[in-house]
Amino acid sequence: MTAKTSVSPFHHGERQVQEKLGVRDKMENFGQRVIRDHMPQQHREFYQQLPFILAGFIDDQGWPWASFLYGDRGFIQSQNDKSLQLDANIVPGDPLHDSLTSERHLGLLGIDLPSRRRNRLSAAITDVKNDILHLDVIQSFGNCPQYIQSRQMIPHQYKKAPEKIEITTFNQEMQKLISKSDTFFVASHYQSNDAQKNTPASMGADVSHRGGKPGFVRVDSNTTLTIPDYLGNFHFNTLGNFLVNPKAGLIFIDFDKGHILSLTGRVEIIWESDELEYFDGAERLWQFHLEKGVYLKYVLPFKWQFEGYSATTEVTGSWAQSDINKQIEQHKNSWQKCVVTKIVQESVLVKSFYLQPQSGGISRFKAGQFLTVKANINGKQQIRTYTLSSSPNDEFYRISVKHESQGVFSSFLHQQIQIGDVLEFKFPAGEFYIEPNSKLPAVLMAAGIGITPMVSMARHILQDAVRTRAMRQTIMLCATHNLEQRSFFNELNALAAQSDGHLRIIWVVSNPEADAIEGEDYHVKGRISGELLQAILPIDDYEFYLCGPSGFMQSMYDISIALGVSDKRIMAEAFGPASLQRQLPEYVDKIIAAPAAEEAIIEFSNSQFEQAWSKEDGTLLEFAEAHGLSPEYGCRSGQCGSCKVNMIEGDVHYSQTPTCSYDNNQVVLCCAMPAKSSQDNEVKLRLEL
Ligand SMILES: Cc1cc2nc3c(=O)[nH]c(=O)nc-3n(C[C@H](O)[C@H](O)[C@H](O)COP(=O)(O)OP(=O)(O)OC[C@H]3O[C@@H](n4cnc5c(N)ncnc54)[C@H](O)[C@@H]3O)c2cc1C
């Protein structure tokens, strides 16, 4: 039965955080339904089979603490849906021993680590008789299993006698325990000062679970910790309490040694910080400043066996990874080395190369972006760009390369590169990428090797959905010539199978083999047509992503426009010179207006010579090469930015708008020609080359 109350189940601190983060109305409706003043039957059964429970409370000086209470299964009993009795062992030396008085409030968190189930309640102690705690339930609600690492508890008697160490600073042993922890519990408290005094929402202590990868809690000094706040249940019980009473009690458990580190101190919420940019999954940060604590060694008669991280933990970061992300950002434009760790034949023409950067980490790229890769082939430096087919959440880079007959780089990769070889690369870049959690459904259309960005996008959308618990609706159409050339068939179908209907893959094969089975090996024979799109896309607003040969892209673009899709909703990437003719002037406007000059004098300042250029000489890249210079280049289509150089004097015309980023004083050689002077003067360009 749901509590029928017009009083909010949230106190003003919680409401303030919900308001600030835009979830206030949603949470009020939700809270009214799921936060009860009694325990549902299944919560009562859950508590009664637990071997331990966490309790949060406030000591007589107003400091919150979290405590670990345990006993044989059944040590918690519930006579009715409003009461619990705990015949619990309290760890020797735990501050709770001094705070067991009637009317004190406890926050309780029942958590079953193997199944990741947990339920919370707040209660008042009504009596303590013969060491049995009698509790009256005030609020009760269930919590989702995210960020809980699975562990099995095994009884264990440690040979050493329990020790209690009172602390006001962390020593090295404690810092090590905190730094390797993937789990801790946090107690907080709300003391009512407002008009809602004595309503359920206004009372009591709370205790809550925090999980992450080892290293998610940073030890800043011997009294300060910094902790990321991940997406949660949007109740904001802990942050709401912090807003009103900025104090916390933390408890870290040494799951291998049976130690408990119990701390209390002040907290500070950090709503905005540059550090958030580098820490995967962190929505906010908070800092804990130690007031005092107890380190209780060899006090638990258990050991725990680790079984696995929760899927939500897997997509979060750590402070070490955040430092790597920061360093990567700083070295974004320099060449890095990576080792080829795995090679997979994806189809008759395509091989995937798994790459591990020697510097360690994978940068936080966007699904759809490309790597610029460099290798020395037959004594000459060659640079090419390859879209990543891995997702930003994967622990490797993966490029998937089509073997072009007589193609220099693709032949080198296919025929010479072996596991263990080293390639050079620049960090991912590119403007063709997807936001995994946009509300608009996405339609990904790929032909041939144009499938690579779409594989990355599909992987990322699915992995990000684990974190956000909402998956972007995605339809992917993969066009291929025949089954032999069909890449990523099993991988994409497996992703679709895991997506709970949110990702749909349609295989379109123009020339299937005689023994290919429709409905099994492919869905549609022929090409992607307007009729096909109309048949599979319910009427809605979509974002379209196109990648493939230029004819395919133009045709998909024209079909989409004819179906009423707005130009700005169509994103396209070409693996060569962009040739898509867009229909709307807003894109035409982007092309820099100055027309090309007929003739110009180009000075190459580093090489110290001048040459006369005329329009037939082509782009500045072609002109420089024709005069014996070897500027770096990659895509030769304004996408990778490898050929940009500083322009000391003059102005350029872009025959094709570069999509890579470049500064005002830079020129992207592969798309540029000297611009006509407005006064019809002699045109002069001075390039740092
Ligand atoms: C943004 C971007 C992303 C990309 N992503 C991918 C990707 O994910 N996967 C992928 O496979 N490619 C991708 N490419 C293309 C890739 O960068 C290379 O262009 C491609 O691999 C061909 O390079 P190559 O050195 O093998 O061919 P090149 O030596 O550069 O030759 C280019 C073409 O000319 C032909 N050719 C060369 N010499 C001769 C000759 N003597 N006679 C006849 N024909 C000849 C080759 O067959 C080839 O088709 C991407 C390109 C861009 C711009």
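**Exercise 1.** In this predicted model, find how strand β25 is joined to strand β29, and in which sense the two run.

*Solution.*
Step 1. Locate the strands: β25 covers residues 442-447 and β29 covers residues 543-547.
Step 2. Look at the connection. Five bridges join the two strands, which run parallel.
Step 3. Pick out one pair of residues: leucine 444 has tyrosine 545 of β29 opposite it.
Step 4. Add the helix on this sheet. Helix α12 (residues 550-562) packs there and touches β25, β26, β29 and β30. The direction of α12 makes about 160 degrees with that of β29.

**Exercise 2.** Give the strand order of the open sheet of six strands, and name its edge strands.

*Solution.*
Step 1. Read across the sheet: the order is β28-β27-β26-β25-β29-β30, and the pairing is parallel.
Step 2. Go to the two ends. β28 (524-525) and β30 (570-573) are the edge strands, each pairing on one side only.
Step 3. Place helix α10 (residues 489-498), which lies across β26 (474-480) and β27 (503-509). The angle of α10 to β27 is about 150 degrees.

**Exercise 3.** Describe the open sheet of five strands, and explain why one side of β32 and of β35 is left without a neighbour in the sheet.

*Solution.*
Step 1. Write down the order, β32-β31-β37-β33-β35, and note that the pairing is mixed.
Step 2. Consider the edges. β32 (609-614) and β35 (666-668) each have a single partner strand, so one side of each has no neighbour in the sheet.
Step 3. Take the average turn between neighbouring strands of this sheet: 35 degrees, with direction ignored.
Step 4. Examine one pair in detail. Strand β31 (residues 599-604) pairs with strand β37 (residues 684-687) in the parallel sense, over four bridges. Isoleucine 601 is placed opposite lysine 684 in β37.

**Exercise 4.** Determine which residues come nearest to the ligand, and which elements give two or more residues to the shell around it.

*Solution.*
Step 1. Start with the 22 residues around the ligand; Thr385, Tyr386, Ser405, Phe409 and Ser410 come nearest.
Step 2. Sort the shell by type: nine residues are nonpolar, nine are polar and four are charged.
Step 3. List the distances to ligand oxygen atoms. In the side chain of arginine 384, an N or O atom is 2.8 Å from an oxygen atom of the ligand. For lysine 402, a backbone N or O atom is 2.8 Å from a ligand oxygen atom. For serine 405, the corresponding backbone distance is 2.6 Å.
Step 4. Assess the cover: on its own the ligand has 960 Å² of accessible area, and the protein covers 70% of this.
Step 5. Assign the shell to elements. β22 (380-387), β23 (397-402) and α8 (408-415) give two or more residues. The largest share, four residues, comes from β22.

Key. Residues are numbered from 1 along each chain as its sequence is written. This is a predicted model: local features need pLDDT of at least 70, side-chain atom pairs count only at pLDDT 80 or more; totals for chains, interfaces and linings use all residues. Side-chain values use heavy atoms; hydrogens and water are left out. A residue is near a molecule or strand if one of its heavy atoms lies within 4 Å of it. A polar contact is a pair of N or O atoms within 3.5 Å; within protein, one must be able to donate a hydrogen and the other to accept it, and residues adjacent in sequence count only if both atoms are side-chain atoms. Accessible areas come from the Shrake-Rupley method with a 1.4 Å probe; for residues, only the protein chains shown count as cover. Ala, Val, Leu, Ile, Met, Phe, Trp, Tyr, Cys and Pro count as nonpolar, Asp, Glu, Lys and Arg as charged, and the others, Gly among them, as polar. Two strands pair if DSSP finds at least two bridges between them. Contact means heavy atoms within 4.5 Å. Axes are lines fitted to C-alpha atoms, for helices over the stretch in contact, and angles run from 0 to 180 degrees between N-to-C directions.
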